[in-house]
Amino acid sequence: MPTATLAELRAGDLAGARELRLREGLTEFPREIFALAETLEVLDLSGAALTSLPDDLGRLTRLRVLFCSGNRFERLPPSLGDCPALSQVGFRGCGLREVPAEALPPGLRWLTLTDNAIETLPAPLGERPLLQKLMLSGNRLEALPDSLAGHSRLELLRLSANRLEALPGWLAEAPSLAWLAWAGNPFDHGAPPPGRTVAWSAMRPGRPLGEGASGQVQAADWIDGAEIRPVALKLFKGAMTSDGLPEREMAACLAAGEHPNLTGALGQLADHPDGAQGLLMALLPPDWRVLAGPPSLESCSRDVYDPSLRLDLDVALRIALDVGAGALHLHAKGLSHGDLYAHNVLWDGGAGRAVLSDLGGASFLPGGPDDPLDRLDVLAWGRLLGELLERCEDESPAAIRALRADCTRPEVAGRPSMAQVVDVLARNLPDLD
């Protein structure tokens with residue numbers, strides 16, 4: 001979405017626009033936006049100095065998406081609830097303290113309230129039948145509305161870095177919930193075992209490899225005694241992400257350790273000249289690629305694949321097996337991945353070798369390795385398996401179709417463990433080792 005100017009808006013140059021982004025330090029909502037009411041669907045006013053929205057915002061009858069992150073709202077504007085088509089709302093880092101029930105649009109599908117000061121949420125939140133994605137990390141919540149229990153559509157929930165003394169019991173029974181993060185709450189006492197510390201002086205940084213919400217990754221050489229080891233070095237930004245706190249991601253990576261199908265940690269960086277925290281991870285071959293793109297505004301909680309991607313059945317199942325093996329390792333370490341998605345899977349682009357990456361949403365399971373919350377990762381894996389099979393021309397074996405159905409059952413207790421998932425795949429694919 002290109003950035004427009006107030007001058008263009010006021011001159012009428014944006015007539016008929018479906019999307020509008022303004023970045024001019026606004027202190028008031030420009031009334032000229034209402035001239036676009038018949039066409040405007042996406043409005044981004046992030047990074048301004050707004051403290052309120054107009055009471056007649058409902059005049060924007062076609063508005064589907066509204067971003068106001070980084071403004072100065074103490075109260076989620078009640079007029080949001082008057083927007084008949086509004087389904088995605090983003091108010092991250094605004095200083096919000098209050099969420100009135102009337103501010104929740106009837107068609108709400110995706111709500112982002114990360115990094116605010118919210119202590120309670122209204123009961124009608126659970127009465128929004130289309131609610132699919134709820135981002136609440138970095139607030140002051142001590143409880144969730146009971147109305148969310150049993151919600152049939154809720155698939156992704158972020159609760160990290162709040163004030164929860166325990167997770168609501170109904171989370172382990174939520175029929176559609178596949179992506180849940182809760183690290184950094186008072187009940188989260190998980191800690192990694194003592195690991196190796198690597199001094200900055202032993203690192204020789206190289207080319208950048210990528211950047212995510214929590215940090216930057218670059219190739220590096222680790223001078224380990226007489227050995228030079230190529231590694232991936234992740235330097236953390238230290239800021240709250242939608243998944244939670246970087247220090248809890250570091251703890252999860254260190255607890256996970258090394259595994260061939262997981263980007264855990266080889267060691268923790270020490271003595272960085274700028275005080276940055278960092279992790280050393282295994283360096284993947286340069287031709288490995290991300291399996292899919294992250295969810296879009298339209299897909300909400302589902303990844304976006306290259307439409308040209310086609311997979312042989314054995315390649316699809318190889319990817320699924322490797323991802324399952326990585327998740328099983330996490331579960332055995334008492335961790336949930338919490339973000340098991342294709343956009344967090346790196347693969348070789350050919351044979352189907354794969355690695356599960358990004359532990360930003362990982363959390364220590366309160367009950368340890370046998371906690372029923374690990375079945376949420378199983379649901380996410382089952383959905384990933386379905387996406388892979390959809391890109392195959394050959395029909396999968398009956399046992400694989402049955403496994404997918406079992407993993408995606410709405411009855412959480414009826415889903416297999418990740419150990420059973422990997423076992424079924426291994427038994428039905430004797431040629432994969």
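Buried means under 20% relative accessible area, exposed over 50%, and partly exposed is what falls in between. Keep that scale in mind while you click through this predicted model.

**Stop 1: a salt bridge to try the scale on**

Select Asp406 and Arg409. Their side chains meet in a salt bridge, with N to O at 3.2 Å. Asp406 has 29% relative accessibility, so it counts as partly exposed. Arg409, at 34%, is partly exposed too. A search of the whole structure turns up 26 salt bridges, and we'll come back to some of them.

**Stop 2: the cores**

Now go inside. The largest nonpolar core has 64 residues. To get your bearings, select Leu20, Ile33, Leu53, Leu66, Phe91 and Leu157, the ones with the most contacts inside this core. Colour helix 1 (6-10) and strand 2 (19-22) as well, since these are the elements that give two or more residues to the core. There is also a second, separate core of 61 residues; Ala251, Ala320, Ala362 and Leu425 are among its members.

Back in the largest core, centre on Leu66. What does Leu66 touch, leaving out residues up to four places away in sequence? Show Leu43, Leu53, Leu57, Leu80, Leu86, Gln88, Val89, Gly90 and Phe91, and you have the list.

Next, pick Leu14, in the loop between helix 1 and strand 2. Is Leu14 buried or exposed? At 15% relative accessibility, it counts as buried. Beyond its neighbours within four places in sequence, Leu14 is in contact with Ala4, Glu8, Leu9, Leu20 and Leu36. Draw a distance from Leu14 to Leu36: you should get 8.0 Å, C-alpha to C-alpha, for two residues 22 apart in sequence.

**Stop 3: rings**

How many aromatic pairs does a search of the whole structure find? It finds 3. Take Phe29 and Phe34: the ring centres are 5.6 Å apart and the planes are at 50 degrees, so this pair is tilted. Phe29 and Phe34 are both buried.

Then jump to Trp179 and Tyr341. Here the centres lie 4.2 Å apart with the planes at 5 degrees, so the pair is stacked. The pair links distant parts of the chain, 162 residues apart: Trp179 is in strand 9 (residues 179-181), while Tyr341 is in the loop between strand 17 (335-336) and strand 18 (345-347). Trp179 is buried, with a relative accessible area of 2%, and Tyr341 is buried at 4%.

While you have rings displayed, return to Phe34 and add Arg59. Arg59 lies over the face of Phe34, 4.2 Å from the ring centre. For another example, show Lys133 with Trp110: the charged end of Lys133 sits over the Trp110 ring, 3.8 Å from its centre.

**Stop 4: more salt bridges**

Select Glu155 and Arg302. The closest N and O atoms of this salt bridge are 2.6 Å apart. Glu155 is in the loop between strand 7 (133-135) and strand 8 (156-158), and Arg302 in the loop between strand 16 (289-290) and helix 3 (313-332), so you are looking at a link between distant parts of the chain, 147 residues apart. Glu155 is buried, with a relative accessible area of 8%, whereas Arg302, at 29%, counts as partly exposed.Move on to Lys237 and Glu211, whose side chains meet in a salt bridge at 3.0 Å, N to O. Lys237 is in the loop between strand 13 (227-236) and helix 2 (246-256), and Glu211 is in strand 11 (residues 203-211), so the pair ties together parts that are 26 residues apart in sequence. Lys237 is partly exposed at 44% relative accessibility, and Glu211 is exposed, with a relative accessible area of 55%.

For a group instead of a pair, select Arg18, Glu41, Arg62, Arg64 and Glu298, which are linked in a network of salt bridges.

**Stop 5: two backbone oddities**

Most residues other than glycine have a negative phi. Which way does the phi of Asp271 go, positive or negative? Positive: it is about 65 degrees, although Asp271 is not a glycine. You'll find Asp271 in the loop between strand 14 (267-270) and strand 15 (278-282), exposed, with a relative accessible area of 64%.

Finish on Asp358, where phi is also positive, near 60 degrees. Asp358 is in the loop between strand 19 (354-356) and strand 20 (363-364), and at 29% relative accessibility it counts as partly exposed.

Note on methods. Residues are numbered from 1 along each chain as its sequence is written. This is a predicted model: local features need pLDDT of at least 70, side-chain atom pairs count only at pLDDT 80 or more; totals for chains, interfaces and linings use all residues. Side-chain values use heavy atoms; hydrogens and water are left out. A nonpolar core is a set of buried Ala, Val, Leu, Ile, Met, Phe, Trp, Tyr and Cys residues joined through side-chain atoms within 4.5 Å. Buried means under 20% relative accessible area, exposed over 50%, partly exposed in between (1.4 Å probe, protein chains only). Helices (H or I, at least four residues) and strands (E, at least two) are DSSP runs, numbered from the N terminus. Contact means heavy atoms within 4.5 Å. Rings of Phe, Tyr and Trp (its six-membered ring) pair if their centres lie within 6.5 Å; planes under 30 degrees apart count as stacked, over 60 as edge-to-face and the rest as tilted. A charge sits over a ring if NZ of Lys or CZ of Arg is within 6 Å of the ring centre and within 35 degrees of the ring normal. A salt bridge is a side-chain nitrogen of Lys or Arg within 4 Å of a carboxyl oxygen of Asp or Glu.
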